Amino acid sequence: MKIHEYQAKDLFSSYDIPVKNYVLCHEAGEAGKAYDQLAMEYVVVKAQVLIGGRGKAGGVKLARSREEALHHADNILKLTIKDYPVTKIIVTEAVDIKSEYYMSFIIDRNTKSVVLMMCTEGGVDIEEVAAKSPEKIHKFSIDPLVGLPDYLARKFAFVMFNDISQVNQMTVILQKLYKLFIDKDASLAEINPLVLTDQGNLVAVDAKMTFDDNALYRQPDVLNLFEPTEDEKVEAAAKEKGFSFVHLDGEIGCMVNGAGLAMATMDMIKLYGGTPANFLDIGGSSNPNKVIDAMTLLLKDPKVKVVLINIFGGITRCDDVASGLLTAFEQLKTDIPVIVRLTGTNEKEGRKMLQGTRFNVAETMGEATLMAVEASK
Ligand code: GDP
Ligand code: MN
């Protein structure tokens with residue numbers, strides 16, 4: 001689970017990790033009041049979206065006056081950054097940057113431990129540094145039984161800084177961030193950039209945290225911060241109906257019984273040159289209501305041009321499925337082509353019932369997929 005920068009900064013504050021004051025705004029007009037409230041000459045207006053690289057996308061702007069803050073707020077709230085529409089911003093105290101550093105704690109599967117990563121070249125994409133000059137990134141795996149006692153934290157702080165005041169500040173930040181990471185079952189805690197100001201202070205100018213979904217049951221405070229994306233809302237609603245559903249980018253809506261068959265269907269669509277719009281496992285049973293719910297879900301996606309229903313009748317009988325489909329489509333109002341592949345118990349009876357109806361019936365998976373791919377083109 002991801003959280004916004006401002007939410008991560010609240011957590012940082014509660015652990016005494018230095019961050020600048022900010023005011024959260026949902027409308028451009030609020031930025032003026034925020035500017036007054038901060039009572040600083042320079043502020044930074046920042047998009048709050050659950051994706052990195054906001055700076056490069058024009059989502060982070062320095063403002064030198066109230067008017068400029070309003071102007072940037074207005075522009076940033078109109079942005080969509082990598083498919084994420086900006087619906088809120090923060091106006092935050094600007095800092096005078098002397099230099100930018102990178103630091104993070106991350107779960108590392110290879111060493112089966114938390115790894116501390118630090119780099120004296122912060123602010124830029126760490127992936128870029130990692131690709132071009134990996135030797136610049138310092139990595140230390142942390143023994144969970146030892147943690148980060150003073151001696152270790154100081155040792156790591158000296159890797160980044162020479163000045164004793166900065167080493168002292170870094171030691172504290174390392175220990176507090178590690179404690180936050182462990183306390184909250186995080187999978188990532190990243191500060192990029194960690195800034196050394198002209199005044200010689202270290203401040204977290206950006207803050208990024210993600211959490212282990214499997215631990216959320218014991219982290220109610222973290223779960224409270226959850227803001228689902230539009231896709232996640234749809235997926236959660238599908239889950240409540242007993243489906244497992246993942247939205248994808250393609251044009252062929254898939255309705256399949258069984259997760260394995262659903263995966264195979266998606267592979268087959270790709271193989272025949274089409275693109276699946278989703279993964280959807282509707283499970284067993286031939287209940288027409290289930291089909292209606294599933295179709296409603298698929299048809300919400302405007303990109304869906306055709307629906308491929310791929311059913312293997314094991315315990316569920318194909319004639320039951322066919323009658324379920326016929327009942328369901330009496331209620332569904334859609335002209336979209338629907339291709340049905342029925343195989344298994346009572347398949348002949350099932351296919352016969354659908355012959356001459358609005359459905360395009362196929363016997364094999366290859367045949368059905370080909371029909372769906374052609375219909376999508
Ligand atoms: P990201 O692009 O999504 O990672 O957003 P960041 O919060 O990291 O901001 C991007 C860049 O904007 C930083 O690396 C800084 O160089 C710059 N920036 C952000 N806040 C300030 C600030 O208060 N003062 C100055 N001078 N630059 C800032
Ligand atoms: Mn950043």
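Here is a short tour of the model, from the whole chain down to one helix.

This is a predicted model, so to speak: local features need pLDDT of at least 70, side-chain atom pairs count only at pLDDT 80 or more, and totals for chains, interfaces and linings use all residues. Residues are numbered from 1 along each chain as its sequence is written, and side-chain values use heavy atoms, leaving out hydrogens and water.

Start with everything selected. You have 13 helices and 18 strands in the protein chain (DSSP runs numbered from the N terminus: H or I, at least four residues, for helices; E, at least two, for strands). Turn the chain along its principal axes and the C-alpha atoms fill a box of roughly 80 × 50 × 40 Å. Of the 377 residues, 48% count as buried (under 20% relative accessible area; exposed is over 50%, partly exposed in between, with a 1.4 Å probe and protein chains only).

Now select 259–271, which is helix α9. Its 13 residues reach 18 Å from first C-alpha to last, close to the 18 Å expected at 1.5 Å a residue (1.5 Å times one less than the number of residues).

Next, show side chains for Leu261, Ala262, Thr265, Met266 and Ile269, the buried ones in α9. They sit on the same side of α9 because they cover an arc of only 140° around the axis (from the directions of the C-beta atoms off the helix axis).

What do the buried residues of α9 pack against? Colour β14 (252–256), β15 (278–281), β16 (306–313), β17 (338–344) and α13 (365–376).

Flip to the face turned away: Gly260, Asp267, Lys270 and Leu271 are exposed there. Finally, click glycine 273, just after α9, with its positive phi of about 90°.

Key
Chains are lettered from A and ligands numbered from 1 in the order in which they are written. Contact means heavy atoms within 4.5 Å.
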